[in-house]
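The following exercises ask the reader to work through a structure step by step. Each task is followed by a worked solution.

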Amino acid sequence: MGKTFFDKVWDEHVITDFGDGTALLQVDRLLLHDVTGSVVMRELGAGGHAPAAPSQVFGVIDHLLVTQPQAAPRTGWTPVAAQMIGEARQLAQGLGIRMIDVQDPRQGITHVIAPELGLALPGLTIVCGDSHTCTLGGIGAIGWGIGTSEGAHVMATQALVESKPKRMRVRFEGQLPPAVSAKDLILHLIGRIGAGGGAGYAIEFAGGAVRALDVEARLTLCNMAVECSAKYGFVAPDDQVFEFLRGRELAPAGDAWDRAVAHWRSLASDADAVFDRELAIDVAALEPQVTWGTSPQHVAGVAGRIPALEAMDDAAFAERALAYQQLQPGTRLADVRIDVAYIGTCTNARISDLRLAAAFLRGRKVAPHVTAICIPGSAAVKRQAEAEGLDQVFQAAGFEWHEPGCGMCGSGRGRLEDVRAISTSNRNFENRQGRRTRTHLASPLTVAASAVAGHIADVRTMGAP
Amino acid sequence: MESLQQVTAIAAPLMRANVDTDQIIPTRFLARPTEEGLGEGLFAEWAAEPQFLLNQSPWDRAGILLAGANFGCGSSREAAPRALRQRGFRAVLAPSFGDIFFNNCFRNGIVPVRLPQPVVEALAREMRARRSDGTCTLRVDLARCRVEVPATGQAHAFEVPPRLHRMLLEGLDEIALTLAQAAAMQSFRAADRQRRPWAYL
């Protein structure tokens, strides 16, 4: 019987198989960010341990940074955030950990910069105290989120005891219609299998529509695997990925590169590989997707309506979600007025996301009542966008243009409270983007269109580029 | 690591589905110089409402939580089980859990118990019915992998991954266990460096 991509990567990382469904796995990269990373480093020290392989551990400052352009030197957005950043810096230095710090030209959101730097490579196991580490599956790495105790374990041993998950393959087939993106694919999938539908699984995304996605779009797709509770999501690497990574700072070079590519090619799932669950989705008629509730599974086509409660499997949950969102079943999504439009985060703040949004925004204006914010995912994305004049397009349209960081994905930063936001981020949980903030998740193009319209909008009816 | 053999406690029926870790402890409680005090952030947004379950007697003294499916989905924050533990919870019973939260529980003295949805719902009904006479307690016996209703003697078996089971029962130090495998790690890496030199920096 053939092996899946996941099986092959798993097998080559097994140090000890405990024979009970768990194994001690070699961890190739440990990433530490300014929230959970500091806790990991604190606890390592408290346990009297030292890093086993400090050169394979990287610190990043992203979550706690102020992103407003006027702030210089940039630091934490609150005094305690500034203190945490200082602590992360100090602990990393003491432990001999490389830190990609605020002033570093490579700074950015962990999951955005890891592929940019070649820190993430195909077939590597990469862990971080951050559930969206699955993003790195977009370049064919196996990345997953861990707790801080597990983080201290990895730091002390460069290994982790892991339960082997079941394997699921989701094949997206057909050609994506115009204005429909990777974000819409993953939101649609979550709507279909539910917010718990991937629990216990590692999901391989495959099929013609996935092969046709560029590398950045694949990172978006994999980013939200965890939103259906799958810890891991990935696309087997191909020539597009190899071209994307060639020459990156931490990627192998010369003969080592050729050897690596040959190895990475061999990792693809065998033709006769068997998955525990298989799902095929035809994307040819897919609409842009937008969420209406407080879970990524509460999603519908942008031209549609909020479904009737009796049509839902989990009506009690949906009812509670709609009460929080201050919405009614049957409401047309296009009738939902928004206060805030946000383009950013590890889901959708790469250069291709910004280009798509800017192409629509060129010559258009954000509705007067909407606060519109764009936060590039990394310093490299920001530089590239500015070289292309995209910052001018965003600002001329009425968007704020910020410094890179996680921004308002995980709090309102004192700016978002009791507002309705359409956001390219990945979580629409209650109070996630600030107290009583009601979040609608969507693609960069749908967010840009909605910013201009002042309500949730279908870009296809607005003369999209 | 903190061990757990068994716990008998009031079991609060918080039967909401998809309770994510942002609800268990909001992001604003995460940036802090110490892990102490996380309990203050437990369900902080919901707890602001006086009618919230855990604000009411006897549920405010609960040590076991009954919850809906996919409990602890979302963010990897270990602050979620830590906040629960600091507020006295030793077990969470639900039809399913977010995978990262599930793992994190074992390292913080909490057992996450998977039971079929109808069983969790029946236990929740039982606890609500027993609220007034003070017998709304459950016993989770980790050694025997059983949940018992002391008032009726009924019991339900559950399964826990064997390695995590032993770790929690005996309060084992996981890092020490792995470091004891130093020879295996060394020989693996010597061979792996030849096979995958690009993986080593």
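**Exercise 1.** Determine which residues of β2(A) are buried on each side of the strand.

*Solution.* The model examined here is predicted. On one side of β2(A), the buried residues are A:T22, A:L24 and A:Q26. On the other side, A:A23 and A:L25 are buried, and both faces are therefore covered. Counting along the strand, which spans residues 22-26 of chain A, gives 5 buried residues of 5, so β2 is largely enclosed by the rest of the structure.

**Exercise 2.** Identify the strands that pair with β2(A), and state the sense of each pairing.

*Solution.* Begin with β1 of chain A, residues 14-17: this strand and β2(A) are antiparallel and share 3 bridges. Within this pairing, A:L25 of β2(A) has A:V14 opposite. The two strands form a hairpin with 4 residues between them, where A:G19 adopts a positive phi near 75 degrees.

Next, consider β8 of chain A, residues 159-163. This strand is also antiparallel to β2(A), and 5 bridges join the two. Here the residue of β8(A) opposite A:L25 is A:L160. A:L25 thus stands opposite A:V14 and opposite A:L160.

**Exercise 3.** Describe the largest pocket by its volume, its lining and the character of its lining residues.

*Solution.* The volume of the largest pocket is about 770 Å³. Its lining comprises 46 residues, and those nearest the centre are A:G410, A:S411, B:T27, B:R28 and B:R77. The elements contributing two or more residues to this lining are α3 (79-95) and α4 (110-117) of chain A, and α1 (21-24) of chain B. Sorting the lining residues by character yields 21 polar, 13 nonpolar and 12 charged.

**Exercise 4.** How many disulfides does the structure hold over all chains, and why does A:C346 form no bond with A:C409?

*Solution.* Over all chains, the number of disulfides is 0. For A:C346, the closest cysteine sulfur belongs to A:C409 and lies 6.2 Å away. A disulfide requires the sulfur atoms to be within 2.5 Å, and the separation of this pair is therefore too far for a bond.

A:C374 likewise takes part in no disulfide, the nearest cysteine sulfur being that of A:C406 at 14 Å.

**Exercise 5.** Decide whether A:C346 and A:C374 are buried or exposed.

*Solution.* The cut-off for a buried residue is under 20% relative accessible area. The relative accessibility of A:C346 is 9%, so this residue counts as buried. For A:C374 the value is 0%, and this cysteine therefore also counts as buried.

Notes. Residues numbered from 1 in each chain as written. Chains lettered and ligands numbered in written order. Predicted model: local features only at pLDDT ≥ 70, side-chain atom pairs only at ≥ 80, totals over all residues. Heavy atoms only, no water. Buried < 20%, exposed > 50% of the residue type's maximum accessible area, 1.4 Å probe, protein only. Pairing = 2+ DSSP bridges. 1 Å grid on protein atoms, 1.4 Å probe; cavity = no way out; pocket = protein on both sides within 12 Å on 5 of 7 lines; lining within 4 Å. Points joined across faces, edges and corners; volume = space filled by probe spheres on them. Nonpolar A, V, L, I, M, F, W, Y, C, P; charged D, E, K, R; others polar.
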